Amino acid sequence: MRRRSEPHTFEQRLRAQKLRLEHELSDLPDGRQRDVVLARIDQLQTAAEMYGFLKLREEAAAPR
C-alpha cells in the first residue's frame with residue numbers, strides 16, 4: 001500500500017507556492033510573463049494575509 005505524505009496546512013501550501021514562483025521569477029527576463037508571475041505572487045500574499053485575518057477572527061469568536 002502506498003504511504004501518504006503528511007498533510008500540509010493551507011498556510012504551508014501558500015508559502016511553498018510563493019517560494020516556487022519567486023524562484024521562477026529569478027530566471028525570467030522583464031516582460032509579460034514576469035509581470036504575470038509577479039501578479040500571482042501578490043495574489044498569494046493577499047490570500048495569506050486574508051487567511052491570517054480570518055483565522056484570528058475565528059479564534060477570537062470561539063467559545064472558551
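Biologist: Is Arg20 buried, exposed or partly exposed?
Modeller: Bear in mind that this is a predicted model. Buried would take under 20% relative accessible area and exposed over 50%. Arg20 comes out at 44%, so the label is partly exposed.

Biologist: Which residue does Arg20 form a salt bridge with?
Modeller: Side chains of opposite charge can pair when their charged atoms come close. For Arg20 the partner sits 4 residues away in helix H1, about one helical turn. That partner has 28% relative accessibility and counts as partly exposed. The closest N and O atoms are 3.4 Å apart, and the residue is Glu24.

Biologist: How many salt bridges are there in the protein?
Modeller: The rule asks for a side-chain nitrogen of Lys or Arg within 4 Å of a carboxyl oxygen of Asp or Glu. Arg20 and Glu24 pass at 3.4 Å, and Asp30 and Arg34 pass at 3.6 Å. Glu11 and Lys55 get in as well, at 3.5 Å. The count comes to 3.

Biologist: How many residues apart in sequence are Glu11 and Lys55?
Modeller: These two form a salt bridge, with their closest N and O atoms 3.5 Å apart. Glu11 lies in helix H1 (residues 10-26) and Lys55 in helix H2 (residues 32-61), so the pair ties together parts whose separation in sequence is 44 residues.

Biologist: What relative accessible area does Lys55 have?
Modeller: Its partner Glu11 counts as partly exposed at 31% relative accessibility. Lys55 is partly exposed too, and its relative accessible area is 31%.

Biologist: Which side chain meets Asp30 in a salt bridge?
Modeller: Asp30 itself is exposed, with a relative accessible area of 71%. The partner is partly exposed, at 22%. The N to O distance is 3.6 Å, and the side chain belongs to Arg34.

Biologist: Where is Leu28 found, and is this residue buried or exposed?
Modeller: Leu28 is in the loop between H1 and H2. Leaving out residues up to four places away in sequence, Leu28 touches Gln33, Arg34 and Val37. Relative accessibility is 16%, under the 20% cut-off, so Leu28 counts as buried.

Biologist: Which residues is Leu44 in contact with, leaving aside neighbours within four places in sequence?
Modeller: Leu44 has its place in helix H2 and counts as buried at 6% relative accessibility. Contact here means heavy atoms within 4.5 Å. By that test the list for Leu44 is Leu14, Gln17, Lys18 and Leu21.

Biologist: How far apart in space are Leu44 and Leu21, C-alpha to C-alpha?
Modeller: Leu21 is among the residues in contact with Leu44. In sequence the two are 23 residues apart. From C-alpha to C-alpha, the distance is 10.0 Å.

Biologist: What is the radius of gyration of the protein?
Modeller: The protein has 2 helices and 0 strands. For 64 residues the globule rule gives 11 Å, and the protein is well over that, so it is more spread out than a compact globule. The C-alpha atoms fill a box of roughly 50 × 40 × 10 Å along the principal axes. The radius of gyration is 16 Å.

Biologist: What share of the residues counts as buried?
Modeller: Leu44 is one of the buried residues, at 6%, and Leu28 is another, at 16%. The accessible surface of the protein comes to about 6,000 Å², with 54% of that belonging to carbon and sulfur atoms. Of the 64 residues, the buried share is 11%.

Technical notes:
Residues are numbered from 1 along each chain as its sequence is written. This is a predicted model: local features need pLDDT of at least 70, side-chain atom pairs count only at pLDDT 80 or more; totals for chains, interfaces and linings use all residues. Side-chain values use heavy atoms; hydrogens and water are left out. The radius of gyration is taken over C-alpha atoms; the globule rule is 2.2 Å times the number of residues to the power 0.38. Buried means under 20% relative accessible area, exposed over 50%, partly exposed in between (1.4 Å probe, protein chains only). Accessible areas come from the Shrake-Rupley method with a 1.4 Å probe; for residues, only the protein chains shown count as cover.
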